[in-house]
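Here are my notes on the model you passed along. I have kept them as short points, so you can follow them with the structure open.

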Amino acid sequence: MSESALGQRLWSFPGGLELRHHKQVSCQHPIRDAGLPEALFIPIGRYAHATPRLLVQPGEQVLRGQTLIESSDDFAVAVHATTSGRFEGWVECNAAWPPGARQRCLALTPDGRDQSVEPTPLAEWAQAGPDALINHLRSMGLSGLGGAQFPTAAKLRGDWSGIHTLILNGAECEPWISCDEMLMRSRPEAVVQGGLVLARAIGARQVLIGIEDQMNTVARRLERACTALDTENIIKVIKVQSIYPEGGERQLIQVLTGQEVPHDGLPQDLGLVCHNVATAAAASDAVIDGLAVTERIVTVTGPAVIEPGNWRARLGTPASWLVARAGGYKDNVARLVLGGPMSGIALADDSLPIDRGSNCLLALAEEDITPSQPTLPCINCGQCVQVCPASLLPQLLFRAIEAVQHDQARELHLFDCIECGCCAQVCPSHIPLVDYYRHGKDLLRLKDMDERRAALARRRFEAREQRLARQQAEREARREQRRKKLEAPEKAQDEIQAAIERARRKRT
Ligand code: SF4
Ligand code: SF4
């Protein structure tokens with residue numbers, strides 16, 4: 001246990017690595033506007049609708065902020081036009097993962113006027129109930145901007161009567177990435193107000209904003225914003241030691257509270273909810289300013305880009321456009337990575353459109369890339385275990401996935417792996433461990449989806465069988481009723497005849 005520079009008790013998480021952060025490279029300039037490319041390809045997101053229903057037709061003119069796809073439930077994120085122009089319809093674009101994959105995007109040709117719909121703030125939001133706040137955030141297309149893109153409404157909705165603390169994650173620990181730091185420097189009030197919005201939605205009584213210990217300017221500006229908004233009693237800014245990956249949700253929770261989120265559990269089980277600072281700023285934009293999510297800040301950096309910096313980019317902007325804003329590549333460029341050097345994904349080319357999770361484009365030169373070494377067998381050295389911040393057994397996970405024992409990998413808590421890359425970094429056998437984990441998770445998700453679909457089909461079949469049986473029984477009951485009705489007059493006639501007979505016999 002230790003104490004932060006701001007006097008808060010801090011704890012530590014297992015494993016992790018101390019890395020050079022290289023953030024200053026992209027913090028020399030304020031955030032710049034990336035402008036509008038000739039065409040935008042807006043990804044519909046990782047948490048897309050099963051059957052997305054378009055609200056506009058190809059060829060229609062749209063305005064920035066206009067809803068293109070409505071959210072059908074808390075897990076489906078609404079998609080909005082990110083500028084004004086002509087809506088072109090569906091297109092397929094490259095996806096970052098898995099290699100060679102494609103994703104469905106909505107194509108838009110900007111008209112250059114960048115006209116927007118009327119903003120729709122939530123009136124009296126400070127008195128609004130959780131459902132009104134969450135529904136508004138959902139309609140504005142909010143999802144996690146820290147990278148995971150998890151739908152914000154799904155994370156906020158629920159019976160959180162035990163929730164006491166909201167944690168805002170500003171501990172952007174991956175080297176080279178500075179988009180969150182620059183956001184907090186430039187818009188501290190939006191982060192603080194967004195914290196209040198999200199806290200109200202879940203009934204949290206306090207907000208902890210975790211930032212890295214070298215973010216002095218950020219700390220000062222956030223505290224000034226708290227004073228200006230009179231929130232010092234609710235919101236605390238806490239500096240944490242820069243050990244990678246302390247920006248992981250579970251790791252930051254452990255550092256700030258000393259509590260470990262259990263395997264197969266959620267932060268909510270501990271009375272905590274964690275959101276990224278960029279998500280908080282977007283919540284403020286949505287609720288207070290009435291703006292849908294149409295842009296994000298992207299760090300374009302690395303030793304092989306001419307003028308590193310941070311750009312405000314519309315969702316759907318091709319990566320190549322942003323690299324051009326940064327002066328283009330240097331002659332020695334060898335690789336473009338989406339994300340940071342530890343957990344990022346090497347891109348096949350720079351056509352990928354920016355989505356809500358695209359925090360960084362990192363251009364590396366040949367000398368920055370570890371020469372690819374032959375992969376050797378695991379020697380069971382245990383180094384990966386020592387650095388794993390999630391207390392997993394990375395070598396056993398690797399063996400289970402390699403042996404196609406995916407259920408065993410699940411039992412070894414594969415889904416607790418945050419793909420931080422610490423294990424692969426230290427592995428003396430150069431095993432691309434994270435690729436194995438991503439592949440294993442993809443297969444398990446597909447398997448789960450197949451099982452859910454099969455269960456749904458089985459339930460539908462059983463429901464149909466029951467419906468048919470019920471209809472058959474109802475038909476038979478109706479037939480019986482009709483038969484009885486038809487028989488009834490005959491029976492009545494017989495009884496009348498018998499009564500006449502009895503009367504006649506009495507008279508004689
Ligand atoms: S670090 Fe590599 S070689 Fe060592 S146990 Fe882990 S997977 Fe095996
Ligand atoms: S990538 Fe996964 S298994 Fe490897 S160190 Fe990080 S959390 Fe642990």
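1. In what order do the strands of the open sheet of four run, and is the pairing parallel or antiparallel? This is a predicted model, so take everything here in that light. The order is β12-β11-β10-β13, and the pairing is parallel. At the edges stand β12 (235-240) and β13 (272-276), each with a single partner strand, so one side of each has no neighbour in the sheet. From one strand to the next, the twist averages 25 degrees.

2. A bit more on that sheet. Strand β10 (residues 165-170) runs parallel to β13, and five bridges join the two. If you want one pair to click on, take I167, whose bridge partner in β13 is C274. Helix α5 (residues 216-228) lies across β10, β11 (206-212) and β12. The angle between α5 and β12 is about 170 degrees.

3. Now zoom out. The protein chain has 13 helices and 18 strands. Its radius of gyration is 30 Å, whereas a compact globule of 508 residues would come out near 23 Å. The C-alpha trace spans about 125 × 60 × 50 Å along the principal axes. Even so, buried residues make up 45% of the 508 in the chain. Looking at contacts with a separation of 6 or more, 73% are between residues 24 or more positions apart.

4. On to ligand 1. Which residues come closest to it? They are C378, C381, C384, Q395 and C427, out of 14 that surround the ligand. Helices α9 (383-387) and α10 (394-402) each supply at least two residues of this shell, and α10 gives the most, with three. By class, the shell around ligand 1 has nine nonpolar residues, five polar ones and no charged ones.

5. Ligand 2 has 16 residues around it, and the nearest are C388, P394, C417, C420 and C423. Here the elements that give two or more residues are α12 (422-426) and α13 (433-507). The biggest share comes from α13, with three residues. The shell around ligand 2 breaks down into 14 nonpolar, one polar and one charged residues.

6. Have a look at L315 too, in the loop between β15 (309-314) and α8 (319-325). Is this loop residue buried or exposed? L315 has 26 other C-beta atoms within 10 Å, and the cut-off for buried is 20 or more, so L315 counts as buried. Leaving out residues up to four places away in sequence, L315 touches I42, T82, T294, E295, R296, I354, D355 and R356. V293 is 22 residues from L315 in sequence, and the two are 8.5 Å apart in space, C-alpha to C-alpha.

7. Last one: helix α1 (residues 130-139). Its buried residues are L133, I134, H136, L137 and R138, so check the list by eye, H136 and R138 included. Among the elements that cover these buried residues are α2 (152-156), α4 (188-202) and α7 (277-287). Just after α1, G141 takes a positive phi of about 75 degrees.

Conventions:
Residues numbered from 1 in each chain as written. Chains lettered and ligands numbered in written order. Predicted model: local features only at pLDDT ≥ 70, side-chain atom pairs only at ≥ 80, totals over all residues. Near = placed C-beta within 6 Å. Nonpolar A, V, L, I, M, F, W, Y, C, P; charged D, E, K, R; others polar. Rg over C-alpha atoms; globule rule 2.2 N^0.38 Å. Buried ≥ 20, exposed ≤ 12 C-beta atoms within 10 Å, placed from the backbone. Contact = placed C-beta atoms within 7 Å. Pairing = 2+ DSSP bridges. Axes fitted to C-alpha atoms, helices over the stretch in contact; angles between N-to-C directions.
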